[in-house]
Amino acid sequence: MERFVIEGQHRLEGHIHISGAKNAALPLMAASLLADGIYHFSNFPILRDTLTFSKLLKELNVDSQIEDHVLTLRVEPTENKVARYELVKTMRASFYVLGPLLARYGEAIVSLPGGCAWGPRPVDQHLKGLQKLGATIDTVAGYVTAKAKELIGNEIVFDVISVGATCNVLLSAVLAKGKTILENCAREPEVVQLCEFLNKMGAKISGIGTPRLEIHGVESLHPADETIIPDRIELGTLILATAITGGNVKFTNVIPEHLGIVQEKLIEAGITLNIQDNSVHITRLGDVKPVDIKTSPYPGFPTDLQAQWIAFMTIADGDSKITDTIFFDRFKHVAELQRLGARIRLDGNTAIVEGRQRLIGAPVMSTDLRASSSLVLAGLIAEGTTFVSRIYHLDRGYEKLDDKLSKLGAKIFREQEP
Ligand code: EPZ
């Protein structure tokens with residue numbers, strides 16, 4: 001296993017081109033199961049999760065080639081409609097193949113994704129939506145078997161706003177007979193891109209970007225090409241890395257409005273953002289002000305930046321409260337940040353972070369993707385050297401984060417764990 005070695009207290013300066021969004025690439029890859037042929041996805045993020053998904057698609061008769069960050073998929077009909085536990089357990093978004101396999105072939109056998117580092121990750125909304133479209137769903141021995149002679153459009157109101165459930169049900173409704181109305185949908189930019197891509201494939205989706213989607217089913221779809229949107233979570237993570245070190249960095253290949261409320265929160269914290277069409281320039285000259293956050297679905301504060309914000313607030317000149325209303329127990333990073341000297345108290349799904357902390361480098365352990373990036377941010381400002389172990393978690397969702405940080409002047413390198 002590999003670890004990062006980080007020598008703290010170096011300001012980040014320079015320019016970074018943001019990679020494509022992992023959470024946009026995954027549903028688009030799943031959509032390719034809906035129609036045979038050739039697809040090209042440019043600005044494709046090359047990271048563990050997207051490569052794992054390519055492996056799963058290979059078992060479903062989809063061939064992947066990557067060249068200069070363009071993924072080419074060659075999709076042929078598949079006899080195999082099974083997504084194995086061994087693959088799904090390593091990457092829960094593999095569950096996205098359920099909807100398209102069901103819509104295209106009338107059956108799908110997909111392993112339940114199980115939990116993750118921070119607790120249960122239910123899929124009841126995915127299953128509820130597919131059942132409402134006429135599928136019979138059996139859950140036996142850790143696998144979901146979904147069957148339907150044909151899918152019939154229906155009215156579906158999600159009980160919770162779920163990115164995954166919205167995507168999975170969309171990936172079925174596009175081929176259902178008649179009209180489907182989805183209410184209480186997620187409207188993350190990644191969901192919007194999936195809707196736009198499905199329409200490029202010949203689907204008929206309206207209400208895109210709103211909580212109410214209307215889908216008129218079609219007989220069949222055809223392949224299409226797409227440029228993956230920039231990764232707003234990578235952007236947010238690197239903006240906070242810049243802010244925490246008092247740096248000065250320009251980010252290109254960005255869609256600034258995808259930051260949602262994060263922009264306001266950064267300004268409240270005393271960060272200067274210079275925003276152009278597809279670039280954001282960050283500087284932090286003065287002190288960091290304490291800013292409370294509460295995560296919520298887009299355009300609210302993303303839960304995927306919660307851990308990074310906690311690391312950032314350790315240097316604020318006051319205390320702050322960070323509440324995660326989406327994943328109540330997504331705080332595995334707190335114990336590790338405390339090893340670096342952060343003073344954080346957990347009260348249910350709220351972390352109370354004391355500001356003005358002096359962090360001292362130490363060995364810490366990644367527990368999940370975004371937790372690992374919060375440890376890297378803390379290591380960037382800790383005195384001395386911080387060792388972040390098990391960085392395979394980080395490599396799942398960031399493409400060469402260490403290279404990007406080194407390019408900006410961070411002293412960070414990767415080595416085998418002793
Ligand atoms: C997606 O996960 C993202 N993953 C997550 O990013 C992100 O944290 C999450 O959305 C929230 O924004 C991908 O896009 C691949 P949800 P997903 O369904 O779809 C509850 C990362 O770091 N829920 O939107 O699994 C659920 O418990 C990853 O890149 C149900 O109750 O999340 C949660 O409280 C981590 N029943 C809320 O909805 C369901 O059937 C939102 O979860 C589904 C979800």
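Trainee: So buried means under 20% relative accessible area, exposed over 50% and partly exposed in between, using a 1.4 Å probe and protein chains only. Which of those labels does Phe41 get?

Mentor: Phe41 counts as buried, at 1% relative accessibility. Before you go on, this is a predicted model, where local features need pLDDT of at least 70 and side-chain atom pairs count only at pLDDT 80 or more, while totals for chains, interfaces and linings use all residues. Residues are numbered from 1 along each chain as its sequence is written, and side-chain values use heavy atoms, with hydrogens and water left out.

Trainee: Got it. What kind of aromatic pair do Tyr39 and Phe41 form?

Mentor: A stacked one, with 6.2 Å centre to centre and 25° between the planes. Rings of Phe, Tyr and Trp (its six-membered ring) pair if their centres lie within 6.5 Å; planes under 30 degrees apart are stacked, over 60 edge-to-face, and the rest tilted. Tyr39 is buried too, with 0% relative accessible area.

Trainee: Which residues do ring pairs link into a cluster?

Mentor: Tyr39, Phe41 and Phe197. There are five aromatic pairs in the structure.

Trainee: Switching to the ligand, how many residues surround it?

Mentor: 24 residues, and the closest are Gln125, Ser162, Val163, Asp304 and Ile326. To be in that shell, a residue needs a heavy atom within 4 Å of the ligand.

Trainee: What polar atoms sit by the ligand's oxygens?

Mentor: A polar backbone atom of Gln125 is 2.7 Å from one ligand oxygen atom. Side chains join in as well: Asn23 has a polar atom 3.0 Å from a ligand oxygen, and Arg121 has an N or O atom at 3.0 Å from one. A polar contact here is a pair of N or O atoms within 3.5 Å.

Trainee: And how much of the ligand does the protein cover?

Mentor: 85% of the 820 Å² of accessible area that the ligand has on its own. Those areas come from the Shrake-Rupley method with a 1.4 Å probe.

Trainee: Which element gives the most to the shell?

Mentor: α5, with three residues. Helices (H or I, at least four residues) and strands (E, at least two) are DSSP runs, numbered from the N terminus.

Trainee: Last one, far from all that: is Pro363 buried or partly exposed?

Mentor: Partly exposed, at 48% relative accessibility. Pro363 belongs to strand β22, residues 363-365, and its C-alpha atom is 49 Å from that of Val174, 189 residues apart along the chain.

How values were computed:
A polar contact is a pair of N or O atoms within 3.5 Å; within protein, one must be able to donate a hydrogen and the other to accept it, and residues adjacent in sequence count only if both atoms are side-chain atoms.
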